[in-house]
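Colleague: Got a minute? I'd like a quick walk through this one before I start clicking around.

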Amino acid sequence: MDSINTVSKSRDFIKCMFVNVRCIMSGNKVNVIGAWADDHDLDVIGVCETWLNSSIDNSEVSIPGFRLYRKDRNDVRERRGGGVLIYVKDALRSCLCDKM
């Protein structure tokens with residue numbers, strides 16, 4: 001509970017959002033998600049249909065103050081789609097669990 005309290009001393013819960021972006025690189029979507037995070041004091045943001053691949057660096061989709069975890073779809077040779085990522089506020093303790 002200590003790590004949660006460092007996020008905001010005024011609440012005892014984590015604020016989350018989940019969104020289907022249908023290509024996070026199109027338009028201004030990373031900035032919009034970052035603005036939502038600020039406006040709503042979000043702690044965790046789940047994103048699906050990122051359409052990311054290994055040619056796109058984490059720095060291109062990062063949001064200041066958040067740790068980024070992502071899983072790109074590997075089989076997008078002839079079609080696009082898939083991929084997920086999660087942003088976790090730096091103040092929360094988090095780690096990647098890759099044994100699932």
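Modeller: Sure, here is a short tour by question and answer. It's a predicted model, so local features need pLDDT of at least 70, side-chain atom pairs count only at pLDDT 80 or more, and totals for chains, interfaces and linings use all residues. Residues are numbered from 1 along each chain as its sequence is written, and side-chain values use heavy atoms, with hydrogens and water left out.

Colleague: How many helices and strands are there in the protein?

Modeller: Two helices and four strands, running α-β-α-β-β-β from the N terminus on. Helices (H or I, at least four residues) and strands (E, at least two) are DSSP runs, numbered from the N terminus.

Colleague: What order do the strands have in the sheet?

Modeller: β1-β2-β4-β3, in an open sheet with mixed pairing. Two strands pair if DSSP finds at least two bridges between them. β1 (16-20) and β3 (66-71) are at the edges with a single partner strand each, so one side of each has no neighbour in the sheet.

Colleague: How many bridges join β1 to β2?

Modeller: Five, and the two strands run parallel. M17, for one, has I45 in β2 as its bridge partner.

Colleague: And which helix packs on the sheet?

Modeller: α2 (residues 29-39), which touches β1, β2, β3 and β4 (84-89). Contact means heavy atoms within 4.5 Å. The direction of α2 makes about 160 degrees with that of β1; axes are lines fitted to C-alpha atoms, for helices over the stretch in contact, and angles run from 0 to 180 degrees between N-to-C directions.

Colleague: Which residues of α2 are buried?

Modeller: V30, I33, G34 and A37, where buried means under 20% relative accessible area, exposed over 50% and partly exposed in between (1.4 Å probe, protein chains only). They fall within an arc of 100 degrees seen down the axis of α2, so they line one face of the helix; the arc is that of the directions from the helix axis to the C-beta atoms. The face turned away from that buried side carries exposed N31 and D39.

Colleague: Changing topic, how many residues has the largest nonpolar core?

Modeller: It has 18, and I24, I33, I45, V47, V61, L85 and Y87 have the most contacts inside it. Such a core is a set of buried Ala, Val, Leu, Ile, Met, Phe, Trp, Tyr and Cys residues joined through side-chain atoms within 4.5 Å.

Colleague: Which element gives the most to this core?

Modeller: α2, with three residues.
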